[in-house]
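Reader: I have a chain open in my viewer and would like to talk it through with you. Could you take my questions one by one?

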Amino acid sequence: MNQNEFIKTVSPFKDKLFRLAKRLLVSTEEAEDATQEVLVKLWTRNETLSELKSVEAMAMTMTKNYCLDQLKSKRAGNMTIVHNNYTDGQASLQQKIEDVDSLSWVEKIINELPEQQKLIIQMRDIEQYEFEDIAKILDMSEATIRVALSRARKTIREVMTKTHNYGIG
């Protein structure tokens, strides 16, 4: 098999080799290296390629094996076989526990706010009332409601930050 025949044989699936390597190695540079390495190995076997039923299947198998070898090798310290872009839709048990804990902290902080701020937080953030409705109910201006809400949120944020950063720094 000469060079033109080899290129004609390999060109249709060259991109598939790269995509497989990219899927396994994650790194674009490593995937390019793997693809190049497999193509070189195929070229060294170019005399026997015409005997194969499917050169593409052979190339895909070689790519998979090469990538798995790279992942196992010592120089693969910065690569992983697991996709790092996978995310589970459900929160972990640890995250759920932290969320419940944070929620109880926020509840405690709200209960310690001045009565007016407590009412405004309850009505706006929990009950989802509009500013106009809160102003009518509490007989206050919307600007005053916004200022009180801002101060209440700031207090909650500061206390939560202190709580979560305790002992750090």
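What follows is a friendly exchange about this chain, with the working terms spelled out along the way.

Reader: Before we start, what kind of model is this, and which atoms are used for the side-chain values?

Author: This is a predicted model, in which local features need pLDDT of at least 70 and side-chain atom pairs count only at pLDDT 80 or more, while totals for chains, interfaces and linings use all residues. Residues are numbered from 1 along each chain as its sequence is written, and side-chain values leave out hydrogens and water and use heavy atoms.

Reader: Thanks! How many helices and strands does the chain have?

Author: Helices (H or I, at least four residues) and strands (E, at least two) are DSSP runs, numbered from the N terminus. From that end, the elements read α-α-α-α-α-α-α-α. The count is 8 helices and 0 strands.

Reader: What percentage of the residues in the chain is buried?

Author: A residue is buried under 20% relative accessible area, exposed over 50% and partly exposed in between, using a 1.4 Å probe and protein chains only. The chain has 169 residues, and the buried share of them is 25%.

Reader: Let's look at packing. How do H2 and H4 lie relative to each other?

Author: Axes are lines fitted to C-alpha atoms, for helices over the stretch in contact, and angles run from 0 to 180 degrees between N-to-C directions. For H2 and H4 the axes are 9 Å apart and the angle is about 25 degrees. Angles under 35 degrees count as roughly parallel, over 145 as roughly antiparallel, 65 to 115 as roughly perpendicular and the rest as oblique. H2 and H4 are therefore roughly parallel.

Reader: And which word fits H3 and H4?

Author: The axes of H3 (residues 28-44) and H4 (residues 55-72) come within 9 Å and cross at roughly 130 degrees. That angle makes the arrangement of H3 to H4 oblique.

Reader: Which residues of H4 does H3 meet, and how do the residues of that contact divide?

Author: Contact means heavy atoms within 4.5 Å. From H3, Glu30, Ala34, Glu37, Val38, Lys41 and Leu42 meet Met58, Ala59, Met62, Thr63, Tyr66, Cys67 and Gln70 in H4. Ala, Val, Leu, Ile, Met, Phe, Trp, Tyr, Cys and Pro count as nonpolar, Asp, Glu, Lys and Arg as charged, and the others, Gly among them, as polar. The residues of this contact divide into 8 nonpolar, 2 polar and 3 charged.

Reader: Which helix supplies the largest share of the largest nonpolar core?

Author: A nonpolar core is a set of buried Ala, Val, Leu, Ile, Met, Phe, Trp, Tyr and Cys residues joined through side-chain atoms within 4.5 Å. The largest one has 19 residues, and Phe13, Leu17, Ala34, Val38, Leu42 and Cys67 have the most contacts inside it. Helices H1 (3-10), H2 (14-25), H3 and H4 each supply at least two residues of this core. Its largest share, 6 residues, comes from H4.

Reader: Is Thr63 buried or exposed?

Author: Threonine 63 is found in H4. Leaving aside neighbours within four places in sequence, threonine 63 is in contact with Leu17, Leu20, Ala21 and Val38. Its relative accessibility is 0%, so threonine 63 counts as buried.

Reader: Which residue lies 15 residues along the chain from Phe131, with the C-alpha atoms separated by 7.7 Å?

Author: Phenylalanine 131 sits in H7 (residues 131-138) and counts as buried at 12% relative accessibility. Neighbours within four places aside, its contacts are Arg124, Glu142, Ile145, Arg146 and Leu149. The residue with that C-alpha separation of 7.7 Å is arginine 146.

Reader: Now backbone angles. What is the phi of Gln128?

Author: Most residues other than glycine have a negative phi. Glutamine 128 lies in the loop between H6 (115-126) and H7, and is exposed, with a relative accessible area of 57%. Although glutamine 128 is not a glycine, its phi is positive, at about 65 degrees.

Reader: One last one: where is Asp139?

Author: Aspartate 139 also has a positive phi, near 55 degrees, in a residue other than glycine. At 71% relative accessibility, aspartate 139 counts as exposed. Its place is in the loop between H7 and H8 (142-164).
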